[in-house]
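Thanks for asking me to look over this one with you. Here are my notes, set out as numbered points so that you can follow along on screen.

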Amino acid sequence: MKITLIGAGYVGLVTGTCLAEVGNNVLCLDVDPHKIATLKSGGIPIYEPGLEDMVRRNVAAGRLDFTTDIAAAVQFGDIQFIAVGTPPDEDGSADLQYVLDAARNIGRHMNGFKLVVDKSTVPVGTADRVRATIAETLASRGLEVDFCVASNPEFLKEGAAINDFMSPDRIVIGTDSERATQLLRRLYAPFQRNHERLVVMDVRSAELTKYAANAMLATRISFMNELALLAEKLGADIERVRQGIGSDPRIGYHFLYAGCGYGGSCFPKDVQALRRTAREYGAPLRILDAVETANEAQKRILVEKLKSRFGAQLDGRRFALWGLAFKPNTDDMREAPSRVIMEALWAMGATVAAYDPVAMPETRRLYGEHPSLMLAPHPMDALRDADALLIVTEWKAFRSADFAAMKALLRQPVIFDGRNLYDPATMRREGFEYFPIGRQA
Ligand code: NAI
């Protein structure tokens, strides 16, 4: 099949590449000429394990290409995926300007039947707006061309995106037309594996499903984070509690880890957008108000612990920070807890020596040559003469650490662990002042 991806970001690029991998012809369109130039020259603008090889292979096979030419891209694909960003507006609702731009462009350049698929995370009712926008644009050209609009939200996780796309738990399709359903069934047939993965429903339910999934996951995290604070005060251990409740199949083990807050390009904005929709329709999701408030506080939890230990005047102090990306295996720093933490430390007069296996170029892009930020080439270099270490992202490489070497480098053997990587009893034995989340220090 011939497919156009509008937007070649995390979702668009992964979707396009995986669809090419199973034999489709894919053209990825982006309005960012630098992104397209990088892709055209064989580079990958984002860090995503396995993606570079897969892009290269499919480009070489002639199944995958990139362009900034809107007309050519729209004319290319029988299926047009809209995978542009939907960042939060000032009031928290999803900003649909890029989605509607894409819809206008489709209407402006389409020359025959198109199935338009919303893959971006969009509020309920967006497919109707996309349909109306295309219809208006077509009408202004004096044309009547047949098209369908479907919803196909994406559930991939950055850092595991290829595997998530190639072996999905489920593929949610929202349509109101048999033609669209059949086309999408055909498109996704190679991803079905051993049992039916397609969950076909009406468009509005599909749009809501994506928000419901992210809001549910964010709720689990905030619940565990607040429970961790209580566990600390009660002399209990959140890790034990996690195991105790996770073993119940009704609860399960996933997304039960207490930590220093969730970030990323999805949970914060999707929780905000769903809250906004819920208020607008008079069915407020009060539980999400608490989820968001709890997470804002949780992103500062390491700073609060650090203030209790070192005070609020941090002039002349230096802190090491391990992990800048919002989670491991990505260089994405959108809404990352590391940013809240670094900015709070700077505001109190401290300097930061940070290390991340892949997100340091992104950190430079965001903060430039910040006078209070040193980026260390190796995790151990960040520790030299630091008053304490803060662990913010649970990269695997941090799990097995050389505690003796760490102690020798740090000015004081103090660790604030926002991801509970180490066993508190071991840390005590090793002579550290260790501050985990929800466990006894
Ligand atoms: P992104 O910001 O990485 O990529 C969006 C791309 O769209 C950018 O490269 C931008 O230049 C391009 N763009 C904007 N307007 C355009 C237009 N009119 N025509 C062509 N290109 C245009 O965003 P990301 O992370 O890929 O997210 C896209 C959507 O997918 C969002 O709605 C997001 O919520 C959703 N999503 C993201 C996931 C993630 O892990 N990043 C997972 C699941 C859904």
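How much of the chain is helix and how much is strand over residues 320-424, and how far apart are the end C-alpha atoms?

1. **The annotated stretch.** Please keep in mind that this is a predicted model. Over residues 320-424, helix makes up 30% of the chain and strand 18%, and the C-alpha atoms at the two ends are 20 Å apart. This range comes from the UniProt record, an unreviewed entry, which annotates it as "domain: UDP-glucose/GDP-mannose dehydrogenase C-terminal".

2. **The chain as a whole.** Zooming out, the chain contains 18 helices and 14 strands. Its radius of gyration is 24 Å, close to the 22 Å that the globule rule gives for 441 residues, so the chain is as compact as a globular protein of that length. The C-alpha trace spans about 75 × 45 × 45 Å along its principal axes. Of the 441 residues, 45% count as buried.

3. **Around the ligand.** Which residues are closest to the ligand? They are Gly7, Gly9, Val11, Ser120 and Thr121, from a shell of 26 residues that surround the ligand. Sorted by class, that shell holds 12 nonpolar, 8 polar and 6 charged residues. Two helices, H1 (10-21) and H5 (97-109), each supply at least two residues of the shell.

4. **Strands E1, E2 and E3.** Now to the start of the chain. Strand E2 (residues 25-29) is mostly covered, with 4 of its 5 residues buried. Strand E1 (residues 2-6) pairs with E2 in the parallel sense, over 5 bridges. If you want one pair to click on, Ile3 has Val26 in E2 as its bridge partner. Between these two strands the chain passes through H1, and the resulting β-α-β crossover is right-handed. E2 is also joined to strand E3 (residues 64-67) by 4 bridges, and these two strands run parallel. There, Leu29 stands opposite Thr67 in E3.

5. **Strand E9 and its partners.** Is strand E9 largely enclosed or left open by the rest of the structure? It is largely enclosed, because 4 of its 5 residues are buried. E9 and strand E10 (residues 351-355) run parallel and are joined by 5 bridges, with Ala320 opposite Ala353 in E10. Together with H14, these two strands make a right-handed β-α-β unit. Strand E12 (residues 388-391) also runs parallel to E9, joined to it by 4 bridges, and here Leu321 stands opposite Leu390 in E12. As you follow these strands, it may help to recall that in a regular strand the side chains alternate between the two faces of the sheet.

6. **Two backbone angles to look at.** Which way does phi go at Glu335? Its phi is near 60°, a positive value in a residue other than glycine. Glu335 sits in the loop between strand E9 (318-322) and helix H14 (337-347). Although in a loop, Glu335 is buried, because 20 other C-beta atoms lie within 10 Å, and 20 or more is the cut-off for that class. Asn420 also has a positive phi, near 50°, and is a residue other than glycine. Its loop runs between strand E13 (414-417) and helix H18 (424-429). Asn420 counts as buried too, because it has 22 other C-beta atoms within 10 Å.

7. **A histidine in a loop.** Is His378 buried or exposed? His378 counts as exposed, because it has 8 C-beta neighbours inside 10 Å, and the cut-off for that class is 12 or fewer. His378 belongs to the loop between strand E11 (373-375) and helix H16 (379-383). In sequence, His378 and Pro357 are 21 residues apart, while in space their C-alpha atoms are 8.4 Å apart.

8. **An arginine in a helix.** Lastly, Arg364 is placed in helix H15 (residues 360-367). With 13 C-beta neighbours inside 10 Å, Arg364 counts as partly exposed. Thr209 is 155 residues away from Arg364 along the chain, and 36 Å separates their C-alpha atoms.

Conventions. Residues numbered from 1 in each chain as written. Predicted model: local features only at pLDDT ≥ 70, side-chain atom pairs only at ≥ 80, totals over all residues. Near = placed C-beta within 6 Å. Nonpolar A, V, L, I, M, F, W, Y, C, P; charged D, E, K, R; others polar. UniProt positions renumbered as here; feature names shortened; annotations may be inferred. Pairing = 2+ DSSP bridges. Right-handed = clockwise from strand over helix to strand, strands pointing away. Rg over C-alpha atoms; globule rule 2.2 N^0.38 Å.
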